[in-house]
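Please work through the exercises below with the sequence and the coordinates open beside you. Each task is followed by a solution that goes step by step.

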Amino acid sequence: MTPDTTTASAGMNISQNEGNCVLSISGRLDADAALFLFKKAPEKLSEQGLKDSLILDLSGLDYLDTAGAVFLERLERMAQDAGFSQIRLEGLSQEYARLMELVKKTKKSDIEQGQPKPLSFIENRGQSLSDFLSDTKEFITYIGEITWALGVSLRHPTSIRWADTFLIAERSGVDALGIVALISFIVGLVMAFQAAIPMRMFGAELYVANLIGIAMVRELGPLMTAIVLAGRSASAFAAEIGTMRINEEIDALTVMGLDPVRFLIVPRVIASTVVTPLLTIFSNLVGILGGALVITSMGYPVIAYYNQIASFVTWNDFAGGLVKCFVFGILIAATGCIRGYQTQSGPSAVGVSTTRAVVTGIILIAVFDGIFSIIYYYLGI
Amino acid sequence: MKHDQCAIKVENLFAGYGNVPIIENVNFDVFKGEIFVIIGGSGCGKSTLLKHMIGLLPPISGKIMIMGEDLSSADHKDKNRILQNIGVAFQSGALFGSMSVMENVQLPLKEFTRLDKISIRDIAHVKLQLVGLEKSAHLMPGELSGGMKKRAALARAMALDPSIIFLDEPSAGLDPITSAELDDLVRNLASSLGITFVIVTHELASIEAISDRIIMLEKQAKGIVATGTPEQLKQATDNEYVYNFFNRTKAEITS
């Protein structure tokens with residue numbers, strides 16, 4: 001019988017000798033060879049009529065690694081399943097016998113015992129719900145803690161870290177002017193374009209001004225600013241505080257008797273709350289400017305556009321938008337900080353926290369925007 | 001020992017995360033001015049015990065007294081006052097990344113004293129000189145080596161002249177020479193300033209070099225398996241775990 005030589009460097013040959021089956025494996029039994037032989041083995045074993053005893057002759061083996069040893073172990077079990085009553089390993093050199101022994105000694109059941117039992121679908125849903133509820137509870141607790149610390153800080157303004165607050169206000173406010181301007185300008189421009197097409201059918205292009213004015217001031221200005229800040233500042237807060245958590249800096253603050261909420265979160269919340277309305281006013285203006293570009297390109301004078309907006313948009317609309325983004329500012333800073341504060345350990349933890357910060361931030365912005373719409377509707381604003 | 005000679009007194013402490021105790025019913029005293037070392041294998045609860053002793057985790061049950069005051073049942077305000085007695089140098093240093101070494105050391109002074117800027121600067125200089133970092137005062141934590149970070153953390157921990165300093169794994173991640181230098185520093189500070197040190201470590205060389213007294217924790221026992229001076233523990237042949245811990249290096253070489 002000719003041995004099956006493999007592309008990988010080991011060969012397998014089966015023969016019969018004095019009533020025994022002899023399966024000899026020779027060459028270099030590494031991962032590739034083990035894979036190849038593993039596919040061949042079942043047919044080799046099944047084509048044997050004699051199912052008495054099997055000898056694995058390994059004297060021709062030049063090399064054996066763990067993959068090979070695991071293969072030999074599985075081969076033995078496979079032979080048992082195929083009906084061989086007695087299986088012996090022969091000719092394994094001293095060098096590899098140790099490895100073989102190690103593989104045989106490893107009890108799979110021990111490893112499997114250590115693994116947590118996989119949860120069923122229903123258990124999984126339950127687990128998720130319970131996690132969600134406890135997360136919500138924790139979130140609300142933190143909101144309470146922040147509100148309390150904010151109250152205390154505002155009563156004692158000297159205890160606020162003003163240097164940090166100004167720095168954060170600059171980074172999350174002034175530095176965000178560019179992106180807020182871009183987004184708002186494009187929103188104003190695109191909205192004016194899209195609205196002008198149907199309006200033209202009625203000869204009412206100038207009323208685009210009303211649409212832009214009211215939409216920017218009441219809804220899109222605050223919303224666009226808030227979403228930009230959620231992506232920009234909330235993620236930054238979460239990453240900063242999360243990294244501090246991992247570096248034990250939060251523990252260090254606590255042990256020093258410095259309350260991390262007062263020390264880290266309050267400056268961020270104050271900065272964000274001050275900066276968001278300012279950015280919103282800026283966003284409103286730039287958005288309206290975007291609309292102006294479209295209207296003037298249609299041949300209307302800028303002053304007509306201005307008068308149209310000034311006569312239609314009231315101070316109530318403006319104030320309503322500002323109150324809204326004031327709340328958005330608190331939400332953005334608080335979610336960013338809380339998610340950062342909750343950072344677990346491990347290399348992906350900060351990434352998880354920033355993602356959670358942005359997602360929670362945007363969800364809360366959307367939910368609160370809805371709540372404000374309902375409130376304003378009933379207040380008649 | 002008389003009560004007033006105890007810097008820390010731990011009584012019937014059950015400690016762990018949540019309600020699952022890792023350490024059960026632990027009692028020990030740390031005397032004033034000694035270098036007290038907590039040792040044990042990985043996962044035995046050394047760091048957990050430390051977190052309880054510095055008030056980061058509330059005990060499941062039991063009492064922790066720091067300089068005669070109960071930390072475990074203190075309210076927020078009292079706890080902060082008790083914590084003024086202690087300084088902690090964390091494993092990674094935990095320096096505030098946005099501040100220079102100098103500002104890190106100055107921070108507790110700025111927050112808890114009414115001293116003027118010049119005094120604060122001078123005090124910070126003294127502390128940095130004690131740890132040999134006076135030339136690196138202006139560097140940011142990111143620019144420091146591992147050993148320097150730990151020394152800077154030690155300087156910050158000493159800023160308010162605490163009576164007790166906790167060190168979490170001071171020699172982790174350091175080469176033997178830097179680690180030995182840090183040990184010498186701790187020895188000098190303890191003898192010259194009379195500071196009580198509580199050190200969590202598993203570094204054998206470091207344990208022998210600096211400790212006055214040791215407690216050893218063990219995972220299975222969920223508590224202390226041995227207490228004593230390093231010599232006593234080294235010769236403790238009746239407990240196999242303690243014996244193996246102290247003689248491991250030797251046993252490995254001879255086998």
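The exercises go from whole chains to sheets, then to cores and a single residue.

The model is predicted, so local features need pLDDT of at least 70 and side-chain atom pairs count only at pLDDT 80 or more, while totals for chains, interfaces and linings use all residues. Residues are numbered from 1 along each chain as its sequence is written, and chains are lettered from A and ligands numbered from 1 in the order in which they are written.

**Exercise 1. Describe the overall form of each chain.**

Step 1. Begin with the secondary structure, where helices (H or I, at least four residues) and strands (E, at least two) are DSSP runs numbered from the N terminus. Chain A has 13 helices and six strands, and chain B has nine helices and ten strands.

Step 2. Turn to the radius of gyration, taken over C-alpha atoms, and to the globule rule, which is 2.2 Å times the number of residues to the power 0.38. For chain B the radius is 18 Å, close to the 18 Å that the rule gives for 255 residues, so chain B is as compact as a globular protein of that length. Chain A has 36 Å, whereas a compact globule of 381 residues would have a radius of gyration near 21 Å.

Step 3. Add the spans of the C-alpha trace along the principal axes, which are about 110 × 65 × 35 Å for chain A and about 55 × 45 × 35 Å for chain B.

Step 4. Count burial, with a residue buried if 20 or more other C-beta atoms lie within 10 Å of its own, exposed if 12 or fewer, and partly exposed in between, the C-beta atoms being placed from the backbone. Buried residues make up 36% of the 381 residues in chain A, and 41% of the 255 residues of chain B count as buried.

**Exercise 2. Work out the antiparallel sheet of chain B and what packs on it.**

Step 1. Recall that strands of a sheet pair through backbone hydrogen bonds, either parallel or antiparallel; here two strands pair if DSSP finds at least two bridges between them. Four strands of chain B form an open sheet in the order β2-β1-β4-β5, with antiparallel pairing. Its edge strands are β2 (20-31) and β5 (69-70) of chain B, each pairing on one side only.

Step 2. Go through the pairs. Eight bridges join β1(B) to β2(B), and Gly16(B) has Pro21(B) as its bridge partner in β2(B). These two strands form a hairpin with two residues between them, and Gly18(B) in the turn has a positive phi of about 65°. Five bridges join β1(B) to β4(B), with Phe14(B) opposite Ser61(B), and β4(B) pairs with β5(B) over two bridges.

Step 3. Place the helix. Helix α1 (residues 46-53) of chain B packs on the sheet and touches β1, β2 and β4 of chain B, its direction making about 120° with that of β1(B). Contact requires C-beta atoms, placed from the backbone, within 7 Å, and the angle, on a scale from 0 to 180 degrees, is between N-to-C directions of axes fitted to C-alpha atoms, for helices over the stretch in contact.

**Exercise 3. Find the edges of the six-stranded sheet of chain B.**

Step 1. Write the order, β6-β7-β8-β3-β9-β10, in an open sheet with mixed pairing.

Step 2. Read off the ends: β6 (86-89) and β10 (223-228) of chain B each have a single partner strand, so one side of each is left without a neighbour in the sheet.

Step 3. Examine one pair. Strand β9 (residues 213-218) of chain B runs antiparallel to β10(B), joined by five bridges, and Met216(B) stands opposite Ala226(B).

**Exercise 4. Locate the largest nonpolar core, and explain why Gly340(A) counts as buried.**

Step 1. Take a nonpolar core as a set of buried Ala, Val, Leu, Ile, Met, Phe, Trp, Tyr and Cys residues joined through C-beta atoms within 7 Å. The largest has 136 residues, and those with the most contacts inside it are Phe166(B), Val198(B) and Met216(B). Helix α8 (residues 208-246) of chain A gives the most to this core, with 17 residues.

Step 2. Turn to Gly340(A), which lies in helix α12 (residues 315-341) of chain A. Gly340(A) counts as buried because it has 29 C-beta neighbours inside 10 Å.

Step 3. List contacts more than four places away in sequence: those of Gly340(A) include Phe237(A), Ile241(A), Arg245(A) and Ala357(A).

Technical notes. Two residues are in contact if their C-beta atoms, placed from the backbone, lie within 7 Å.
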